[in-house]
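Student: I'm new to this one. Can you walk me through it?
Tutor: Sure. Let's bring it up.

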Amino acid sequence: MVIVYQSHTGFTKEYAQMLGKAEKMKTYTLEEAERQLLSDAQVFYMGPLTAGHIGGLDRSMKRWKIQAVCGVGMSQPGEGTMASLRRSNYVGDAPLFYLQGGYAPEKLGFFYRMMMKPMAGSVVRQVQARGEAATDQERRMAEIFQHGGDFVREEALDEIVRWFREGPHDGEVKAVPSVDI
């Protein structure tokens with residue numbers, strides 16, 4: 001099995017490289033993998049979340065044998081996050097993981113920066129309007145949108161590493177709980 005990832009701001013790349021090192025696995029960007037991997041390759045796919053969709057997943061599902069999928073986003077993980085991810089991304093019965101990456105608007109391309117700017121402003125204004133009624137999670141999200149944030153950490157990979165080490169994954173489908181931070 002190999003790790004294939006897509007990354008816009010570097011958070012997914014950082015996780016993919018940490019996981020590849022921990023499991024002694026080859027990592028490929030999606031573009032590299034499309035040039036180098038055969039169609040029967042077994043892949044652990046990692047991609048950034050954009051409006052709830054894991055970037056590059058559809059292309060990967062059509063091309064390789066996806067053994068498990070991991071979305072990387074800016075929200076804290078939780079039951080609602082996992083349920084939403086499963087609804088928004090067709091992964092069949094493959095195990096699905098979520099990791100909190102971060103938000104770095106200065107690293108976004110023009111299109112994504114323009115897409116995120118109004119949403120970020122809206123979240124900040126809503127939290128400010130709610131004042132004391134805003135939840136801690138809402139305040140944290142507004143803070144991330146205002147100042148960015150990097151939440152990548154090696155211990156967040158523990159559930160995924162455990163899944164890899166339980167093996168074998170040759171066509172095996174197994175439900176794995178989400179990473180809960």
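Student: How do the axes of helix 5 and helix 6 cross, and within what distance do they come?
Tutor: First, keep in mind that this is a predicted model. The two axes come within 9 Å, and they cross at roughly 140°.

Student: What do you call that arrangement of helix 5 and helix 6?
Tutor: Oblique. Angles over 145 degrees would count as roughly antiparallel, so helix 5 and helix 6 are oblique to each other.

Student: Is their crossing left-handed or right-handed?
Tutor: The crossing of helix 5 and helix 6 is left-handed.

Student: Which residues meet there?
Tutor: From helix 5, Met116, Met119, Ala120, Val123, Val124, Val127, Gln128 and Arg130 take part. Helix 6 brings Glu138, Arg139, Met141, Ala142, Phe145 and Gln146.

Student: And how does the contact of helix 5 with helix 6 divide into nonpolar, polar and charged?
Tutor: Nine residues are nonpolar, two are polar and three are charged.

Student: New topic. How much space lies in the largest pocket?
Tutor: About 700 Å³.

Student: What lines the largest pocket?
Tutor: 31 residues do. Nearest the centre of the pocket lie Leu49, Thr50, Ala51, Gly73 and Met74.

Student: Which helices and strands each supply at least two residues of that lining?
Tutor: The helices are helix 1 (11-23), helix 4 (79-88), helix 5 (110-130) and helix 6 (136-147). The strands are strand 3 (42-50), strand 5 (65-73) and strand 7 (102-103).

Student: Which one gives the most?
Tutor: Helix 5, with four residues.

Student: How many charged residues are in the lining of the largest pocket?
Tutor: None. The lining has 18 nonpolar and 13 polar residues.

Student: Back to packing. At what angle do helix 1 and helix 7 pack?
Tutor: About 35°, with their axes 11 Å apart. Helix 7 covers residues 158-166. The crossing of helix 1 and helix 7 is right-handed.

Student: Who makes that contact?
Tutor: Leu19, Ala22 and Glu23 come from helix 1. Ile160, Val161, Phe164 and Arg165 come from helix 7. By class, the contact of helix 1 with helix 7 has five nonpolar residues, two charged and no polar.

Notes
Residues are numbered from 1 along each chain as its sequence is written. This is a predicted model: local features need pLDDT of at least 70, side-chain atom pairs count only at pLDDT 80 or more; totals for chains, interfaces and linings use all residues. Side-chain values use heavy atoms; hydrogens and water are left out. On a 1 Å grid over the protein atoms alone, a cavity is a set of points where a 1.4 Å probe fits but cannot get out, and a pocket is an open set with protein on both sides within 12 Å along at least five of seven lines; lining residues have an atom within 4 Å of a point. Grid points are joined across faces, edges and corners, and a volume is the space filled by probe spheres set on the points. Ala, Val, Leu, Ile, Met, Phe, Trp, Tyr, Cys and Pro count as nonpolar, Asp, Glu, Lys and Arg as charged, and the others, Gly among them, as polar. Axes are lines fitted to C-alpha atoms, for helices over the stretch in contact, and angles run from 0 to 180 degrees between N-to-C directions. Angles under 35 degrees count as roughly parallel, over 145 as roughly antiparallel, 65 to 115 as roughly perpendicular and the rest as oblique. A crossing is left-handed if the near helix is turned anticlockwise from the far one by less than a right angle, and right-handed if clockwise. Contact means heavy atoms within 4.5 Å.
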